[in-house]
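Subject: Handover of a structure

Dear colleague,

I am passing on the structure below, together with an account of what was found in it. Please have the coordinates open while you read, since the notes go from one part to the next.

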Amino acid sequence: MNQLRIGTLAGLFAAATGLSWAGAGLWESFGNTPPAVPLFSPVILGLIAAVLFVTGLSLRSRLRAWRERRPGARPVDRLMAARAVVFGQASALVSSIAAGCYGGFGVFLVMERLDVPNRRDQAIYAGLAVLAGAAVVAAALFLERVCRLPEGDENGEGNGPMGSTA
């Protein structure tokens, strides 16, 4: 499984920011009012970040217990860890695009009239969504780092902390 690259995530964020900013300007140039940023966008992204972070902490503590040979410590199932990493990577990719879209829309709102209370609120929601998207990316990178295989165990052999559960 390939690791996430910060450059890829930053490129997706930048591309989505530019396209969103240009799209919002084009939309308004046709005389339409820009769509609203949902209040739940930063909340949902924050919940995803929390789930990823808690999963990473849980896996890290289980792996540490196995390494220290604590009584009752069970190995981590490799398939479960791989699923967690795939969920984290997918969440990071999608949230970098979503954060870029909200970022571009927020920049558009800031460049326009902020004296309108509705636009100010929308810019705040967009900024919070960008921060929550960054939190998802950080949590996904943390989870990926926790679930990384030890050196010399690329093909799944050995009885390491992610050994077989049979």
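The helices named in this message are DSSP runs of H or I with at least four residues, numbered from the N terminus. With that in place, Arg69 can be put in the loop between H2 and H3. Please bear in mind throughout that this is a predicted model.

Arg69 deserves a look in its own right, for its phi is positive, at about 55°, although the residue is not a glycine. Its relative accessibility is 69%, and because exposed means over 50%, Arg69 counts as exposed.

Overall fold

The chain contains 4 helices and 0 strands, and reading along the sequence gives the pattern α-α-α-α. The radius of gyration is 20 Å, well over the 15 Å that the globule rule gives for 166 residues, so the chain is more spread out than a compact globule. Along the principal axes, the C-alpha atoms fill a box of roughly 65 × 25 × 20 Å. Of the 166 residues, 33% count as buried, while the area that the chain exposes comes to about 9900 Å², with carbon and sulfur atoms supplying 65% of it. If one takes the contacts between residues at least 6 apart in sequence, 84% of them join residues at least 24 apart.

The nonpolar cores

In soluble globular proteins, nonpolar side chains tend to be buried together. Here the largest nonpolar core has 21 residues, of which Leu52, Leu59, Ala92, Leu143 and Cys147 touch the most other members. Helix H2 (40–67), together with helix H3 (78–111) and helix H4 (117–146), is among the contributors, each of the three supplying at least two residues of this core. Which helix gives the most to it? That is H4, with 8 residues. There is also a second, separate core of 7 residues, which includes Phe105, Phe108, Leu109 and Ala126.

Helix H1 and Leu12

Leu12 is found in helix H1. At 28% relative accessibility it counts as partly exposed, because that value lies between the 20% under which a residue is buried and the 50% over which it is exposed. Leaving aside residues up to four places away in sequence, Leu12 touches Leu93, Ser96 and Ile97. The C-alpha atoms of Leu12 and Arg145, which are 133 residues apart along the chain, are separated by 21 Å.

From the H1–H2 loop into H2

Pro38 has its place in the loop between helix H1 (6–29) and helix H2 (40–67), and with a relative accessible area of 42% it is partly exposed. Between the C-alpha atoms of Pro38 and Asn2, 36 residues apart along the chain, the separation is 33 Å.

Further on, Phe40, Val43, Ile44 and Leu47 make a nonpolar surface patch of about 410 Å². Is Ile44, one of these four, buried or exposed, or does it fall in between? Ile44, which is found in helix H2, has a relative accessible area of 46% and is therefore partly exposed.

With best regards

Notes. Residues are numbered from 1 along each chain as its sequence is written. This is a predicted model: local features need pLDDT of at least 70, side-chain atom pairs count only at pLDDT 80 or more; totals for chains, interfaces and linings use all residues. Side-chain values use heavy atoms; hydrogens and water are left out. Buried means under 20% relative accessible area, exposed over 50%, partly exposed in between (1.4 Å probe, protein chains only). Patches are made of residues with over 30% relative accessible area and no salt bridge: like charges are joined within 9 Å, nonpolar side chains (Val, Leu, Ile, Met, Phe, Trp, Tyr) within 5 Å. Accessible areas come from the Shrake-Rupley method with a 1.4 Å probe; for residues, only the protein chains shown count as cover. A salt bridge is a side-chain nitrogen of Lys or Arg within 4 Å of a carboxyl oxygen of Asp or Glu. The radius of gyration is taken over C-alpha atoms; the globule rule is 2.2 Å times the number of residues to the power 0.38. Contact means heavy atoms within 4.5 Å. A nonpolar core is a set of buried Ala, Val, Leu, Ile, Met, Phe, Trp, Tyr and Cys residues joined through side-chain atoms within 4.5 Å.
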